[in-house]
Structure formats: structure tokens, C-alpha cells
Amino acid sequence: MIALNNLYVIDLSGYSFSGKSAYFDLVCEFDGYKHYSKEFEFELIRLPNGILDLYYSLVENWSPVRSSEAIRKFKSLVDTLSGNDGFISRLVSRGYKYDYYFPGFYAISQEYLDKLIIASWKSEWPFAYNDYPKYQIFFKKLLFRLGKRDIFSARVYLSRFDKKDFLNITREYLDKLFSSCIANNEKAIVLSNAFETTNPTISHQLCYSAKSIVVDRDPRDIYLSALNTGYVNGINVGKTAIGDNVEIFIERFKLYRKDLVSDENVLRINFEDLVLNYEETLNKLFIFLGEDKSIHKYPKKYFNPEVSKKGVGMWKNVDGQLKKDVDKIYSELKEYCVNI
């Protein structure tokens, strides 16, 4: 299970209010497993313009325009995610603080880009301005009419790789990035929502060694949790999971679980398994991770199944319109509902 540089990546992912945090807390009780707070999500791979989009544009579906713009957008994403916890950085950055979590993030990412960019030069290249707001395009056209003929020039990036070379470069990059925060006695890093729930195996190949634990939950309890505890710091994040009504929630639920991809490095498991069958589920995790139970050095320090039982079977205690909603969910999503 040990990676090339003795680093092992474990990602915990879910579907919003599906109970991922319970498993994250549990894995954080394992000795030698580096973790940050479960609120910090490592998004460099799956975000738009992230590494998966780079892979698509530089390897799977290359074109001169697509590849150049993928490099440009990834450079911009690195700028957005970089920064530390200092006052000035917090004042001028977006608050992702990747240099705080992974010391040297910006510099390591620039090294990665240097390996991906075969050549670059300035040239007439209007594609670099496709995302510009209309007023900026208006002023550029005005300046062009006034004689500034190079106003639509931009840096062009030449980049194209076969799959093997791209993966090797990316594995070295991510391994160096994750190793920047690992202590000598730590062999694994626990991430949150780094890989997609639908097909995490695509992201696994970007790392030397990686596994995914994808957590699901009875849709009735997901719906109720999103309604009852959906506000975080005054923002209604539950709205993302529910939509405008129960019908949209049901359609979203179905689409998010369509054509799921799994292999021996993906464990799909329910929140209810951990709460109601704690010891059995623990053993299943040990087997999946290739660990002995002695790894569990801090039992119930972060996760206590007794405390989490209140989140199981919430649908039993509703009436009125909510009762109608959960009954509709059951009729449409019976195969995902847990009988307790």
C-alpha cells in the first residue's frame, strides 16, 4: 500500500449531507494519517480548469487552442488557490490558502507548469479573451481601431503529451505537493472531496497510490438534513442538494448516482453502516485500506456512533408536508432507502 515516496492518498467524498464527515472523522483516528479539518476540500484536481481538465485537453482531446487555453486557465487557478494564512495574503487572496496547507504550493505548481509547457510566445491570439466581459472587449476593439494593432496578442502555450508522460509528470507534482506537509511518522494523507464520486478511478491514476471512500445515505435523511441543517455561516448550502422542490431533489439524486465506476480502490459505503454496525464497518475499512486494527490508535476521539444515531431514521419523525415529501422520495428512490 506504500507509494513510491511512502505516501498514500485517501479521499473521502460524498453527495452533500450524505455523512462523509463521519467517515472522515473516523479515518482521522488512525495512526500516521495526516489530515486537516473536514471543511478543507482539496479541489485542484476536480475543479473546472483543474488537473482533470488539463488531462482532457493535453492528452485525450488535444487541439492547439484547447491545450493553450487549458494551460492558461490552470495557471489562473493556481493563482486563485495560492496564498497563506498571513494578514496580507488573507487581505488580497480568495482565502483558499493552499500555501498554508501545502508549503510551497505556488512554487511547486510553477515547476509543474514548466514541465507541461513545451514552448510559449506572444502572438495574435483572440481565444485568450473569450471569457472577458463585454465592456473589456469593447475597449480592446476601440483601441484596435485607434491603431493599437497588438491589442489582441497574448501568450500562446504549446503543450501536448501522451498519457504515460502526463501521468508521470502529474504524479511527481502531486507527490511533492502532498509530501510538503507530511511528517516523518506519517504515511498517508486524508483528503476531502478531492476526487469525483461518479468516477474516482480517473483521479486515482494521477497519484502513485490512492483510494476513495464514497459515502452515501438514505435519501430521506439527506433531504431532511439539507432542510434542517443546510445553513452554514449564514449561507444556505442545503439548497444545492434540494433544489426548489422534492421533485428536483429526486432527479438530482438519480443523476448523481448514474453510471458509477468502481474498482478495488473504491469503497462505496453508507453512513448508516458506520452508525448501526460500527465494529463490522471498522473491519471492512481495515481490509479495504490494507491495515491491521492496531492502526486505530484513537478510537472514538472524533467519531462516536452513539452521538450520530440521531442522524439515522430522521424520516420516521416527520408529519404534514414533510411526511408527503419523504413518502414520495421512498416511492421514487426505494432502492437507496435503508430499512431500519
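Q: Buried means under 20% relative accessible area, and exposed means over 50%. With that in hand, does lysine 97 of this predicted model count as buried or exposed?
A: Lysine 97 sits in the loop between helix H4 (87-92) and helix H5 (98-101). Its relative accessibility comes out at 18%. The cut-off is under 20%, so lysine 97 counts as buried.

Q: What is phi of lysine 97 near?
A: Lysine 97 is a residue other than glycine, yet its phi is positive. The spot to look at is the loop between H4 and H5. There, phi of lysine 97 is near 60°.

Q: And what about lysine 300: what is its relative accessible area?
A: Find lysine 300 in the loop between helix H14 (278-289) and H15. Here too phi is positive in a residue other than glycine, near 65°. Partly exposed lies in between 20% and 50%, and lysine 300 is partly exposed because its relative accessible area is 43%.

Q: How do H3 and H6 run with respect to each other, roughly parallel or roughly antiparallel?
A: The axes of helix H3 (residues 64-81) and helix H6 (residues 105-116) come within 10 Å. They cross at roughly 175°, and angles over 145 degrees count as roughly antiparallel. H3 and H6 are therefore roughly antiparallel.

Q: By class, how many nonpolar residues are there in the contact of H3 with H6?
A: On the H3 side the contact is made by Ile71, Phe74, Lys75, Val78, Asp79 and Leu81. H6 brings Phe105, Tyr106, Ser109, Gln110, Tyr112, Leu113 and Leu116. Sorted by class, that gives 2 polar residues, 2 charged ones and a nonpolar count of 9.

Q: Which helix is arginine 72 found in?
A: At 19% relative accessibility, arginine 72 counts as buried. Leaving aside neighbours within four places in sequence, arginine 72 is in contact with Trp125, Ala128, Ala154, Arg155 and Tyr157. The helix that holds arginine 72 is H3.

Q: Which helix gives the most to the lining of the largest pocket?
A: The largest pocket holds about 1500 Å³ of space. Helix H1 (20-27), helix H11 (238-242), helix H12 (246-256) and helix H15 (305-308) each supply at least two residues of its lining. With 4 residues, the top contributor is H1.

Q: By class, how many charged residues does the lining of the largest pocket have?
A: There are 39 lining residues, and the closest to the pocket's centre are Ser16, Phe17, Ser18, Lys20 and Ser21. By class, 14 of the lining residues are nonpolar and 15 are polar. The charged ones number 10.

Q: How many of the residues of H1 are buried?
A: Going along H1, the buried ones are Lys20, Ala22, Tyr23, Phe24, Asp25, Leu26 and Val27. That leaves the helix mostly covered. Out of 8 residues in H1, the number buried is 7.

Q: By what distance are the C-alpha atoms of alanine 188 and phenylalanine 249 separated?
A: Alanine 188 is found in strand E5 (residues 188-192), and it counts as buried because its relative accessibility is 0%. Beyond its neighbours within four places in sequence, alanine 188 is in contact with Leu7, Tyr8, Ile10, Gly32, Tyr33, Lys34 and Ile182. Phenylalanine 249 is 61 residues away along the chain, and the C-alpha atoms of the pair are separated by 36 Å.

Terms used:
Residues numbered from 1 in each chain as written. Predicted model: local features only at pLDDT ≥ 70, side-chain atom pairs only at ≥ 80, totals over all residues. Heavy atoms only, no water. Axes fitted to C-alpha atoms, helices over the stretch in contact; angles between N-to-C directions. Parallel < 35°, antiparallel > 145°, perpendicular 65-115°, else oblique. Contact = heavy atoms within 4.5 Å. Nonpolar A, V, L, I, M, F, W, Y, C, P; charged D, E, K, R; others polar. 1 Å grid on protein atoms, 1.4 Å probe; cavity = no way out; pocket = protein on both sides within 12 Å on 5 of 7 lines; lining within 4 Å. Points joined across faces, edges and corners; volume = space filled by probe spheres on them. Buried < 20%, exposed > 50% of the residue type's maximum accessible area, 1.4 Å probe, protein only.
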